[in-house]
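Work through the exercises below with the sequence and the 3D structure at hand. Try each task before reading the solution that follows it.

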Amino acid sequence: ISSCEKGAQPFVALRLLRDMREVKIAPNEVCCSAAVSACEKIGLWSRALSVLFSMPFSRVLANVISFNAAISACEKGRSWLQALQLFAHTGRRDEITHRAAITAACEELHWLPALILLKDMEELGLEAGA
């Protein structure tokens, strides 16, 4: 599944994840995060969110990498509202989480949420970057 992520092959990654479940192989955090990241590569935000939200059913906890990839998938899929909603539900946030949400808002010219997120980064001592 990680190879599918690197090769931007989300449909193959999703099929492998489904096949794992069908043969009773429990996917782990790495498999699920790689599938979310594969979807992120081409902006398949709804599929990325589907994998992310199905992780608890496989007893897999989503990590900051999974959330970052899902938020980036929303950004690339031009779904800024979903990106910001996901950001709001993300427990652990880092610079990448903030930047992805800010980019999603800016892509659609929603400056106020972007400015609020920048202020949040400053208050948390996170590097806003370029």
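**Exercise 1.** In this predicted model, find the loop in which arginine 59 lies, and decide whether arginine 59 is buried or exposed.

*Solution.* Begin with the position: arginine 59 lies in the loop between helix H4, residues 45-54, and helix H5. Next, take the relative accessible area, which is 81% for arginine 59; since exposed means over 50%, arginine 59 is exposed. Finally, look at the backbone, where phi of arginine 59 is near 60 degrees, a positive value in a residue other than glycine.

**Exercise 2.** Describe where alanine 8 is found and what is notable about its phi.

*Solution.* Alanine 8 is found in the loop between helix H1, residues 2-6, and helix H2. Although alanine 8 is not a glycine, it has a positive phi of about 50 degrees. Its relative accessible area is 30%, and alanine 8 is therefore partly exposed.

**Exercise 3.** Determine how helix H5 and helix H7 are oriented towards each other, and which residues meet where they pack.

*Solution.* The first step is to know what to look for: two packed helices are described by the angle between their axes and the distance between the axes. For H5, residues 64-76, and H7, residues 95-107, the angle is about 10 degrees and the axes are 9 Å apart. Angles under 35 degrees count as roughly parallel, and H5 and H7 are therefore roughly parallel to each other. The second step is to list the contact, in which Val64, Asn68, Ile71, Ser72 and Glu75 in H5 meet Ile96, Thr97, Ala100, Ala101, Thr103, Ala104 and Glu107 in H7. Sorted by character, the residues of this contact of H5 with H7 divide into six nonpolar, four polar and two charged. The third step is to follow one of them, serine 72 in helix H5: at 13% relative accessibility, serine 72 counts as buried, and, not counting residues up to four places away in sequence, serine 72 touches Glu40 and Ala100.

**Exercise 4.** Establish which residues of helix H8 are buried, which are exposed, and what follows H8.

*Solution.* Start with the helix as a whole: H8, residues 111-124, has 14 residues and reaches 20 Å from its first C-alpha to its last, close to the 20 Å expected at 1.5 Å a residue. Within H8, Ala114, Leu117 and Met121 are buried. They cover an arc of only 65 degrees around the axis, which puts them on the same side of H8. A general rule helps here: an α-helix has 3.6 residues a turn, so residues three or four places apart point the same way. The buried residues of H8 pack against helix H6, residues 80-89, and H7, whereas Leu112, Leu115, Ile116, Glu122 and Glu123 are exposed on the other side of H8. After H8 comes glycine 125, whose phi is positive, near 75 degrees.

**Exercise 5.** Describe the surroundings of arginine 21, and state how far arginine 21 is from histidine 110 in sequence and in space.

*Solution.* Arginine 21 is found in helix H2, residues 10-22, and at 31% relative accessibility arginine 21 counts as partly exposed. Leaving aside its neighbours within four places in sequence, arginine 21 is in contact with Pro27, Cys32, Ser54 and Ser58. Arginine 21 and histidine 110 are 89 residues apart in sequence, and their C-alpha atoms are 39 Å apart in space.

Methods. Residues are numbered from 1 along each chain as its sequence is written. This is a predicted model: local features need pLDDT of at least 70, side-chain atom pairs count only at pLDDT 80 or more; totals for chains, interfaces and linings use all residues. Side-chain values use heavy atoms; hydrogens and water are left out. Axes are lines fitted to C-alpha atoms, for helices over the stretch in contact, and angles run from 0 to 180 degrees between N-to-C directions. Helices (H or I, at least four residues) and strands (E, at least two) are DSSP runs, numbered from the N terminus. Angles under 35 degrees count as roughly parallel, over 145 as roughly antiparallel, 65 to 115 as roughly perpendicular and the rest as oblique. Contact means heavy atoms within 4.5 Å. Ala, Val, Leu, Ile, Met, Phe, Trp, Tyr, Cys and Pro count as nonpolar, Asp, Glu, Lys and Arg as charged, and the others, Gly among them, as polar. The expected span of a helix is 1.5 Å times one less than its number of residues. Buried means under 20% relative accessible area, exposed over 50%, partly exposed in between (1.4 Å probe, protein chains only). The arc is that of the directions from the helix axis to the C-beta atoms.
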